[in-house]
Amino acid sequence: DDVRFYGYPNPAATQATFLYYLPDGATSVAMAVYSAMTGSQVFEATLPVDQVTYTWDLATVTGAPVGNGLYLCVIRVTNNGGGTTRSEVYKLLVSR
């Protein structure tokens, strides 16, 4: 099964809500956000397995707002057998 991962609105100004669909047997989900300009990771979160949406406030892990620009978002899913699956990269534009 594939991992599906989308966000809206895009471009985002104050927050972005991500929808994610997980394969059967998923036990943990981690989201990572990278700056397309620098390649550095700016945010990460553990997402609830029993939900399908997560809202990001467009801030770094320390709470500082991310700057305008393109961000690459991906989720990694671990299943009950210990295997991992990754979503395709979702491109989110931040424009405040």
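How many helices and how many strands does the secondary structure of the protein come to? The count is 0 helices and 8 strands, where both kinds of element are DSSP runs numbered from the N terminus, a helix being H or I over at least four residues and a strand being E over at least two. Read from the N terminus on, the elements therefore follow the pattern β-β-β-β-β-β-β-β.

This is a predicted model, in which local features need pLDDT of at least 70 and side-chain atom pairs count only at pLDDT 80 or more, while totals for chains, interfaces and linings use all residues. Residues are numbered from 1 along each chain as its sequence is written, and side-chain values use heavy atoms, with hydrogens and water left out.

## Overall form

The protein has 96 residues and a radius of gyration of 13 Å, which agrees with the value near 12 Å that a compact globule would have; this radius is taken over C-alpha atoms, and the globule rule is 2.2 Å times the number of residues to the power 0.38. Along the principal axes, the C-alpha atoms fill a box of roughly 40 × 25 × 20 Å. Buried residues make up 34% of the 96 residues, where buried means under 20% relative accessible area, exposed means over 50%, and partly exposed lies in between (1.4 Å probe, protein chains only). Of the contacts with a separation of 6 or more, 55% are accounted for by residues 24 or more positions apart, a contact being heavy atoms within 4.5 Å.

## How the strands pair

Strands of a sheet pair through backbone hydrogen bonds, either parallel or antiparallel. Here two strands are said to pair if DSSP finds at least two bridges between them. The table lists four antiparallel pairings, each with one pair of residues that face each other.

| Strands | Bridges | Example of partners |
|---|---|---|
| β1 and β2 | 5 bridges | Y8 and T17 |
| β2 and β5 | 4 bridges | L19 and T53 |
| β3 and β4 | 6 bridges | A32 and E44 |
| β3 and β6 | 9 bridges | V33 and C73 |

An open sheet of 3 strands has the order β1-β2-β5, with antiparallel pairing. Its edge strands are β1 (4-8) and β5 (53-56), each of which pairs on one side only, and the twist averages 20° from one strand to the next. For that twist, axes are lines fitted to C-alpha atoms (for helices over the stretch in contact), and angles run from 0 to 180 degrees between N-to-C directions. Between β1 and β2, a further bridge partnership is that of G7 with F18.

Strand β3 (residues 26-35) runs antiparallel to strand β6 (residues 69-79), and β3 also pairs in the antiparallel sense with strand β4 (residues 41-47). β3 and β4 form a hairpin with 5 residues between them, and G39 in the turn has a positive phi of about 80°.

## Aromatic rings and a charge

A search of the whole structure finds 5 aromatic pairs. Rings of Phe, Tyr and Trp (its six-membered ring) pair if their centres lie within 6.5 Å, and planes under 30 degrees apart count as stacked, over 60 as edge-to-face and the rest as tilted. The rings of F5 and Y90 have centres 6.3 Å apart and planes at 75°, so this pair is edge-to-face. The pair links distant parts of the chain, since F5 lies in strand β1 and Y90 in strand β8, 85 residues apart. Both partners are buried, F5 with a relative accessible area of 5% and Y90 with one of 15%. Ring pairs also link F5, F18 and Y90 into a cluster.

Elsewhere, R4 lies over the face of Y21, at 5.0 Å from the ring centre; a charge sits over a ring if NZ of Lys or CZ of Arg is within 6 Å of the ring centre and within 35 degrees of the ring normal.

## Two loop residues

S87 is found in the loop between β7 (84-86) and β8 (90-94), and S87 is buried, with a relative accessible area of 3%. Leaving aside neighbours within four places in sequence, S87 is in contact with V3, F5, V74 and I75.

D24, in the loop between β2 and β3, is exposed, with a relative accessible area of 71%. The C-alpha atoms of D24 and N79 are separated by 8.0 Å, although these residues are 55 residues apart along the chain.
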